[in-house]
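Colleague: Got a minute to go through this model with me? I'd like to hear the reasoning behind each label.

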Amino acid sequence: MLRFASLASGSSGNCTIAEARDGARATRVLIDCGLNLTDCERRLGRLGLAPSDITAILVTHEHGDHADGVFNFAASHSIRVFLTHGCLGAMKEEGKVLDGVRTTIVTSRESFAVDGMEVHPFTVPHDSREPVQYVVSDGSSRLGVLTDIGASTVHVEQKLSGLDALVLECNYDADMLWNGLYPKWLKQRIAGPFGHLDNRQSEKLLSVLDRSRLKHVIGAHLSQQNNRPELARAALARAMGCEESWIGLATQDEGFGWREL
Ligand SMILES: [Zn+2]
Ligand SMILES: [Zn+2]
């Protein structure tokens with residue numbers, strides 16, 4: 001059985017958790033940890049878990065909202081970290097890598113197992129050193145998490161087709177971004193090919209996937225400045241052809257609670 005939840009989602013910190021259970025054995029991975037140690041521990045408690053329940057952390061890329069808490073959490077609780085060469089190198093240069101943490105290099109070409117969880121990294125266009133996003137599986141159900149991608153690609157769409165659950169970035173509404181207060185260079189970065197997806201891009205991406213198995217679709221990484229929850233929800237509902245209330249949303253303060261597959 002596979003279940004998943006979010007501790008936080010947005011530009012101030014991201015952390016998704018996935019759990020594969022086989023009888024009494026549970027494998028739990030954090031996908032990213034952009035939270036400080038006490039905040040991460042507190043939010044895990046909210047989901048009924050202790051830090052010692054976590055098997056590993058999968059890192060997508062070195063941006064602080066995804067990676068700033070990774071090594072503190074891993075060092076404090078003896079947890080393995082999986083990340084790309086590029087991400088590790090960037091984090092070393094920023095002084096964010098701590099000695100004594102067991103790291104494993106992943107590449108977008110090779111799937112691997114973390115105990116009872118299958119992990120499939122895939123490459124995405126984003127302005128970081130060697131970014132990947134992840135599909136995880138317990139062998140029967142598959143969850144995809146896709147945030148921090150400037151534009152969809154055929155490769156990404158192939159990886160996300162036929163999933164059972166998808167957590168999908170809806171970063172901004174284009175009108176709100178361009179009419180908003182951000183400096184021009186930042187608007188261009190966010191909207192550029194290595195930035196983030198807006199609601200319309202996410203709608204389009206979702207609409208071209210094989211959605212026949214999807215039981216959960218959750219909008220994530222919403223900008224608090226440049227988006228509104230109802231706009232993101234409406235965009236994903238259009239792509240699914242479903243009621244807006246069926247679409248979940250991940251928030252900065254709450255993330256979202258457990259969803260089961
Ligand atoms: Zn981010
Ligand atoms: Zn990023």
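Colleague: How far apart are the zinc ion (ligand 2) and the zinc ion (ligand 1), and which residue coordinates both?

Modeller: Keep in mind that this is a predicted model. In it the two ions, ligand 2 and ligand 1, are 3.7 Å apart, with Asp148 coordinating both.

Colleague: How do you know that His61, His63, His126 and Asp148 coordinate the zinc ion (ligand 2)?

Modeller: By distance. A donor has to be an N, O or S atom within 2.8 Å of the metal. Here NE2 of His61, ND1 of His63, NE2 of His126 and OD of Asp148 sit at 2.2 to 2.4 Å, so they count as donors. Along the sequence these donor residues follow the spacing H-x1-H-x62-H-x21-D.

Colleague: What makes the arrangement around the zinc ion (ligand 2) irregular?

Modeller: The angles. For tetrahedral, every angle among four donors would have to lie between 85 and 135 degrees. Around ligand 2 the four donor atoms span 93 to 166°, so the arrangement comes out as irregular. As for where two of the donors come from, His126 is in the loop between strand 8 (117-123) and strand 9 (132-137), while Asp148 is in the loop between strand 10 and helix 5, 22 residues apart.

Colleague: Why is Asp148 called buried?

Modeller: Buried means under 20% relative accessible area, and Asp148 has 1%, so the label follows. His126 is buried too. Asp148 also has a positive phi, near 55°, although the residue is not a glycine. Most residues other than glycine have a negative phi.

Colleague: Ser78 has a positive phi as well, of about 50°. Is Ser78 buried or exposed, and how do you know?

Modeller: Exposed: the cut-off is over 50%, and Ser78 reaches 72% relative accessibility, so that label fits. You'll find Ser78 in the loop between helix 3 (70-77) and strand 5.

Colleague: On to the rings. How many aromatic pairs does the structure hold?

Modeller: Two.

Colleague: Why is the pair of Phe4 and Phe256 called edge-to-face?

Modeller: Ring centres must lie within 6.5 Å to pair, and planes over 60 degrees apart count as edge-to-face. Phe4 and Phe256 have centres 5.8 Å apart and planes at 80°, so both conditions hold. Phe4 belongs to strand 1 (residues 2-8) and Phe256 to strand 14 (residues 256-260), so this pair ties together parts 252 residues apart in sequence. Phe4 is buried at 0% relative accessibility, and Phe256 is buried at 9%.

Colleague: And what makes the pair of Phe82 and Phe112 stacked?

Modeller: Stacked needs planes under 30 degrees apart. Phe82 and Phe112 have 10° between the planes and 5.1 Å centre to centre. Phe82 is in strand 5 (residues 80-83) and Phe112 in strand 7 (residues 112-114), 30 residues apart. Both Phe82 and Phe112 are buried.

Colleague: How do you know that Arg3 lies over the face of Trp258?

Modeller: For Arg, CZ has to be within 6 Å of the ring centre and within 35 degrees of the ring normal. Arg3 is placed over the face of Trp258, at 3.7 Å from the ring centre.

Colleague: Last one: in helix 8 (residues 199-208), which residues are buried, and what puts them on the same side?

Modeller: Asn199, Ser202, Glu203, Leu205 and Leu206 are buried. They cover an arc of only 165° around the axis, so they share one side of helix 8. Arg200 and Lys204 are exposed on the other side. The buried residues of helix 8 pack against strand 10, helix 5, strand 11 (165-169), strand 12 (216-220) and helix 9 (229-240).

Key
Residues are numbered from 1 along each chain as its sequence is written. Chains are lettered from A and ligands numbered from 1 in the order in which they are written. This is a predicted model: local features need pLDDT of at least 70, side-chain atom pairs count only at pLDDT 80 or more; totals for chains, interfaces and linings use all residues. Side-chain values use heavy atoms; hydrogens and water are left out. Rings of Phe, Tyr and Trp (its six-membered ring) pair if their centres lie within 6.5 Å; planes under 30 degrees apart count as stacked, over 60 as edge-to-face and the rest as tilted. Helices (H or I, at least four residues) and strands (E, at least two) are DSSP runs, numbered from the N terminus. Buried means under 20% relative accessible area, exposed over 50%, partly exposed in between (1.4 Å probe, protein chains only). Donors are N, O and S atoms within 2.8 Å of the metal (3.2 Å for Na, K and Ca); water is not among the atoms, so sites may look incomplete. Four donors count as tetrahedral if all angles lie between 85 and 135 degrees; four count as square planar and six as octahedral if opposite donors are over 155 degrees apart and all others between 65 and 115; anything else is irregular. The arc is that of the directions from the helix axis to the C-beta atoms. Contact means heavy atoms within 4.5 Å.
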